Amino acid sequence: MLDYGGAGDTLWYLAKSYATYMWNKLSDETLNGKTPTEAALGETPDISDLLQFTFNEKVYYHTPGASYPASGEELGNFVGVADSAGDELTFLVLSKNNQILSLSMLRSAERTDTQNDSLVS
């Protein structure tokens with residue numbers, strides 16, 4: 001994941017955390033096709049959050065307080081899902097100041113498909 005996403009070695013912990021988060025939501029043959037979450041809790045997990053961005057993908061996020069004509073967007077990197085902060089579809093973003101932010105309004109800076117033309121919220 002670090003090599004594929006072009007992330008440096010300093011993001012190993014975030015990559016490992018995101019990989020673990022994914023594995024807990026994806027089907028496992030040793031659990032008869034269930035996910036670890038489903039096996040433990042009895043409910044099929046929603047994987048919508050896994051379909052939005054790839055690890056270390058460049059994303060734009062909204063910053064409040066920008067005055068016109070500034071867009072109010074900053075460039076950062078997607079580094080995971082904020083499963084313990086915010087509502088569903090709240091993501092972890094590494095800012096240009098190397099801070100981890102929990103945000104729900106993002107859009108891809110790398111893709112221009114119609115699914116990501118507007119902010120995800």
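**Figure 1. L92, a buried residue of strand β3.** With a relative accessible area of 18%, L92 counts as buried, since the cut-off for that label is under 20%. This is a predicted model, so what these views show is a prediction. L92 sits in strand β3. Its C-alpha comes within 5.4 Å of that of V81, a residue eleven places away in sequence. Once neighbours within four places are set aside, L92 still has plenty to show in this close-up: it is in contact with N77, F78, V79, G80, V81 and A82, and also with I100, L101 and S102.

**Figure 2. The whole chain, for orientation.** Before zooming in again, here's the layout: three helices and five strands, running α-α-α-β-β-β-β-β from the N terminus on. Of the 121 residues, 31% count as buried. Take the contacts between residues at least 6 apart in sequence, and 41% of them join residues at least 24 apart. The chain exposes about 7800 Å², with carbon and sulfur atoms supplying 51% of that area.

**Figure 3. The largest nonpolar core.** Which members of this core touch the most other members? Among its 20 residues, those are F55, F78 and L106. Several elements chip in here: α2 (12-23), β1, β2 (73-81) and β3 (91-94) each supply at least two residues of the core. F78 is worth a stop of its own. At 0% relative accessibility, F78 counts as buried. Leaving out residues up to four places away in sequence, F78 touches Y18, the run F53, T54, F55, N56 and E57, then V59, and finally F91 and L92.

**Figure 4. Aromatic rings around F53.** How many aromatic pairs are there? The count comes to six. One of them joins F53 and F78, a tilted pair with 5.5 Å centre to centre and 40° between the planes. This pair links distant parts of the chain, as F53 belongs to the loop between α3 and β1 while F78 belongs to strand β2, 25 residues apart. F53 is buried, with a relative accessible area of 3%. Now swing over to the other partner in view: the ring centres of F53 and F91 are 5.3 Å apart and their planes stand at 90°, so this pair is edge-to-face. Because F53 lies in the loop between α3 and β1 and F91 in strand β3, the pair ties together parts that are 38 residues apart in sequence. F91 is buried too, at a relative accessible area of 0%. Step back a little and the rings join up: Y18, F53, F55, F78 and F91 form one aromatic cluster.

**Figure 5. E57, a charged residue out of the open.** Is E57 buried or exposed? It's buried, with a relative accessible area of 2%. E57 is part of the loop between α3 and β1. Not counting residues up to four places away in sequence, E57 touches G76, N77 and F78 in one stretch, and S108, E110 and R111 in another.

**Figure 6. A nonpolar patch at the surface.** L26, I47 and L51 together make a nonpolar surface patch of about 250 Å². I47 is found in the loop between α3 (36-41) and β1 (58-62). At 33% relative accessibility, I47 counts as partly exposed.

**Figure 7. Two asparagines with positive phi.** Here are a couple of backbone spots to look at. N32, which is not a glycine, has a positive phi near 60°. N32 lies in the loop between α2 and α3 and is exposed, with a relative accessible area of 75%. What is the phi of N98? It's about 60°, again positive although N98 is not a glycine. N98 is in the loop between β3 and β4 (100-103). At 61% relative accessibility, N98 counts as exposed, because exposed means over 50%.

Key:
Residues numbered from 1 in each chain as written. Predicted model: local features only at pLDDT ≥ 70, side-chain atom pairs only at ≥ 80, totals over all residues. Heavy atoms only, no water. Patch = residues over 30% accessible without salt bridge, like charges linked within 9 Å, V, L, I, M, F, W, Y side chains within 5 Å. Areas by Shrake-Rupley, 256 points an atom, 1.4 Å probe, with all protein chains shown as cover. Salt bridge = Lys/Arg side-chain N within 4 Å of Asp/Glu carboxyl O. Helix = DSSP H or I, 4+ residues; strand = E, 2+ residues; numbered from the N terminus. Buried < 20%, exposed > 50% of the residue type's maximum accessible area, 1.4 Å probe, protein only. Core = buried A, V, L, I, M, F, W, Y, C linked by side-chain atoms within 4.5 Å. Contact = heavy atoms within 4.5 Å. Phe/Tyr/Trp six-rings, centres within 6.5 Å; stacked < 30°, edge-to-face > 60°.
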